[in-house]
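User: Hey, I'm new to this one. Can you walk me through it?

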Amino acid sequence: MDEAEFFTRLSEPVWPQLEKSLERLVRQRLDGCPVAYLLGYKEFWGLPFRVNRSVLIPRPETELVVEKILTLPLSPEPLILDIGTGSGNIAVSLAKELPLARIMATDISKRALRLAAENARLNQVDNVRFILSNLFKAFEQSQMSFDLIVSNPPYVAQDDWQKLDRSVRDFEPKKALLAGQDGLRFIRRLVRKASQFLQPAGFLVMEIGAGQAEEVVRLLETGWSHVEIDNDYAGFPRVVSAQRKSDLA
Ligand SMILES: C[S@@+](CC[C@H](N)C(=O)[O-])C[C@H]1O[C@@H](n2cnc3c(N)ncnc32)[C@H](O)[C@@H]1O
């Protein structure tokens, strides 16, 4: 229930059954389980998203990725690819904002895709298709050419794993977070491959880790123009966008 309902019903007795399940929830919370997993729900971009332990809980800073995309000069009916869609938060939010867009959302996790498809239904969008794929694999044989490729990829470096909050480390999916020794395993592959699947002058937008901007800008030195970095609410550089150089073959 929301806060207002909570206070109006404060004097109501709690059924023993409900008391038991509340106690169970409190115990799980004390064990570190994030509230979003206990509720099975998280709001993102003002929309409701179902979540479970097969997907990362959508973060407020990822809304900056959506915000950035909405500033780009995209065609009126853009073809968009979201890589590593998780709960579908980016793809579904874009689908709402850009109803004429056609969006393909991929993930390597079947369970994540099932939930993402549920979230598309929950939010009544029908312009997203969900596809099982290891990065660009499902598109290798196709001639698909996107106007925009977006990704919030795994970007945690191996050595930073232990520094993560216990509620993240113990409850959120490892394969949504970990990205090799330096945390750039996926970002490097995305930068290297994205041009092949982008229109000339198409856009690549990625969320990156707090200390990764310099290295990511370096990766984008060849073949990309208009490289821009946006900061999160704490002032850390977290969203990178770039445009494919249109003179590339
Ligand atoms: C950081 S989470 C982002 C989830 C969601 N897009 C968000 O913004 O909250 C990264 C996602 O990438 C997926 N993933 C990991 N490796 C992948 C791969 N090789 N190909 C496609 N998706 C992958 C994970 O399953 C996870 O859902």
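Analyst: Sure, here is a quick tour, starting with the ground rules.

Analyst: This is a predicted model, where local features need pLDDT of at least 70, side-chain atom pairs count only at pLDDT 80 or more, and totals for chains, interfaces and linings use all residues. Residues are numbered from 1 along each chain as its sequence is written.

User: Cool. What order do the strands of the sheet have?

Analyst: The order is 5-4-3-6-7-9-8, in an open sheet of seven strands with mixed pairing. Strands pair if DSSP finds at least two bridges between them. Helices (H or I, at least four residues) and strands (E, at least two) are DSSP runs, numbered from the N terminus.

User: And which are the edge strands?

Analyst: Strand 5 (128-132) and strand 8 (224-231), each of which pairs on one side only.

User: How do strand 3 and strand 4 run, parallel or antiparallel?

Analyst: Parallel, with five bridges joining them. Ile83, for instance, has Thr106 in strand 4 as its bridge partner.

User: Switching topic: where is Gly88?

Analyst: Gly88 sits in the loop between strand 3 (79-83) and helix 5.

User: Is Gly88 buried or exposed, and why?

Analyst: Gly88 is buried because 31 other C-beta atoms lie within 10 Å. The cut-offs are 20 or more other C-beta atoms within 10 Å of a residue's own for buried, 12 or fewer for exposed, and partly exposed in between, with C-beta atoms placed from the backbone.

User: What does Gly88 touch?

Analyst: Ala105, Ala116, Asn119 and Ala120, not counting residues up to four places away in sequence. Contact here takes C-beta atoms, placed from the backbone, within 7 Å.

User: And helix 5, which of its residues are buried?

Analyst: Helix 5 has Asn89, Ile90, Ala91, Val92, Ser93, Leu94 and Ala95 buried; that is seven of its nine residues.

User: What about the largest nonpolar core, which residues touch the most other members?

Analyst: Out of 55 residues, those are Ala91, Leu94, Ile103, Val128, Ile149 and Val205. A nonpolar core is a set of buried Ala, Val, Leu, Ile, Met, Phe, Trp, Tyr and Cys residues joined through C-beta atoms within 7 Å.

User: Pick Ile149. What does Ile149 touch?

Analyst: Leaving out residues up to four places away in sequence, Ile149 touches Leu81, Ile83, Ala194, Phe197, Leu198 and Leu204.

User: Last one: which residues come nearest to the ligand?

Analyst: Gly84, Gly86, Ile108, Asn152 and Ala176, of the 22 residues around the ligand. Being near means a C-beta atom, placed from the backbone, within 6 Å.

Definitions and conventions: Two residues are in contact if their C-beta atoms, placed from the backbone, lie within 7 Å.
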